[in-house]
Amino acid sequence: MTSPLASVALFHLGPVPITAGVVATWVIMAVLVIGSILISRHLSLVPSKTQAFFELIVDTVDGQIRDTMRLEPAPYRAFVGTLFIFIFVANWSSLIPGVEPPTAHIETDAALALLVFIAVVWFGIRASGIRGYLSTFASPNPIMIPLNFIESLTRTFSLLVRLFGNVMSGVFVIGIVLSLAGLLVPIPLMALDLLTGAVQAYIFAILAMVFIAGAIGEAKPIPNTPSQRMPP
Amino acid sequence: MTISWWTLGIQTVNVVILIWLLGRFFWRPVAAMIEQRRATAQRIVAEAEAKRSEATVALAEIERTRDGLARERETILAEAHEAAERERATRLAEAEKEARALEDAMKATIAKEKQAIDKAWAERASRLAIDIAERLAARLDGPAVRAAFLDWLVKEIRALPTPARQAAAAEGVTLEATSATALVPADQDRYREQIGAALGAHPQIVFKEDRTLIAGLELQGPHFVVSNSWRADLTKILSGLTHDNRA
């Protein structure tokens, strides 16, 4: 059994090693993008069951953004929603025999955490400007600047560690149990791992929203009527 | 545990690309469709609400129009009734006037016809009386009647003014004596003698016969006529009767 802590290169593209996680990510990307293209080609005002299901996903993500960030979801929908769907699908890709979840490798989780960190900075600057964003580090007083700066790094690191630890540990435990017991014994653990994967995707997305909302600072009020909301 | 920075970079790029692609092909189209459906539903609801408002306004308008029509109908009926009454009264007055005029005209016509009939009957009666008188007088044409007419003629001549008698008896004047029956020469001489005596001279007298005189003797000169016969008398009577009837 290969250790999940190790990133073994399947092949190299020049100096660039291509690991199994990267390949799995590409496959997941291809599935999601092709599926999205197929869905968006058949959208209609009278939705089919499939369209209604995906609209339910979008609507749920929008609702979570509104509830968590107290902001209009349109600018953050693609980022937060894609993080959730990618992590969710990546975590659940372990159901396919022989496929190791990309999120079980620290590089993928680090990439996701890095993107959250960048998004926090980006949305914070976009909302308040550079000075305004930097002034949030001096809240509630300038003494807190070092602590707030360290917090912004540590919470990003916590995102990385949380996701990596949960997914990697699940895969690791299932691998150990599978190697020690029979074929069907790890099934409950796999079910638990699926639950953990879904919860971790949700937690990752929620924390990303919280961090972005915190960087934006004062939350913009949500319009009362849908017609006053921003277009998607 | 080691971290492959190449893998970290590739995964970062992968996730960024995935975020862009899904945003392009999934999140935006689906959210746009949701928004479009919401806007469509909102528009339909707004249109339905507007239609309902229009229908309510139209219904109120119809109610008002219906009330107005009922009032207008009553007004029109009242006006029509009043106009019919006026027209009936006018026509009735005109008919009465025409009937009165017609009655007056008929009465006048009847009176005129009655007057004409009365006149015609009076004329017929007068003529009948004259005819009867003529027939009766024709039976009286005898010597006594002729002698009486001669006396009346002499009296008429003598009643003439003197200049008239002198003019009638002037020299060269021929008088014409007309009788109903022819006179024998002896009677002619006797008549000539008595007429000359009445005139105061003895003009030339020519005797003629005219049976239409019925009876009598008339003398006619260039400037006078002495009518002395039943015909003249009856003509005078008839003229008098006719004149009375006309009056």
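How many salt bridges does the rule find across the interface of chain B and chain A? In this predicted model, the rule finds one salt bridge across that interface. The two partners are easy to look up in the structure above: the side chain of A:Glu55 meets that of B:Arg37, with a distance of 2.7 Å from N to O.

The salt bridge can be set beside the other polar links between the chains. Across the interface of chain B and chain A, nine residue pairs are found in polar contact, both residues of each pair being at pLDDT 80 or more. In terms of residues, chain A brings 49 to the contact, and chain B brings 35.

A helpful way to describe such a meeting of chains is by area. The size of an interface is often given as the accessible area lost when the parts come together. Here, about 3700 Å² is buried between chain B and chain A, and carbon and sulfur atoms give 80% of that area. On the chain B side, the residues that lose the most area to chain A are B:Gln11, B:Leu18 and B:Trp27, which together make up 18% of what that side buries.

Attention can now turn to the surface of the model. A:Leu10, A:Phe11, A:Leu13 and A:Trp26 make a nonpolar surface patch of about 380 Å². Strand S1 of chain A, covering residues 9-13, gives the most to this patch, with three residues. A:Leu10 is found in strand S1 of chain A. With a relative accessible area of 52%, A:Leu10 counts as exposed, because the cut-off for exposed residues is over 50%.

Key:
Residues numbered from 1 in each chain as written. Chains lettered and ligands numbered in written order. Predicted model: local features only at pLDDT ≥ 70, side-chain atom pairs only at ≥ 80, totals over all residues. Heavy atoms only, no water. Patch = residues over 30% accessible without salt bridge, like charges linked within 9 Å, V, L, I, M, F, W, Y side chains within 5 Å. Areas by Shrake-Rupley, 256 points an atom, 1.4 Å probe, with all protein chains shown as cover. Salt bridge = Lys/Arg side-chain N within 4 Å of Asp/Glu carboxyl O. Helix = DSSP H or I, 4+ residues; strand = E, 2+ residues; numbered from the N terminus. Buried < 20%, exposed > 50% of the residue type's maximum accessible area, 1.4 Å probe, protein only. Contact = heavy atoms within 4.5 Å. Buried area = accessible area lost by both parts, 1.4 Å probe. Polar contact = N/O pair within 3.5 Å; in protein donor to acceptor, adjacent residues only side chain to side chain.
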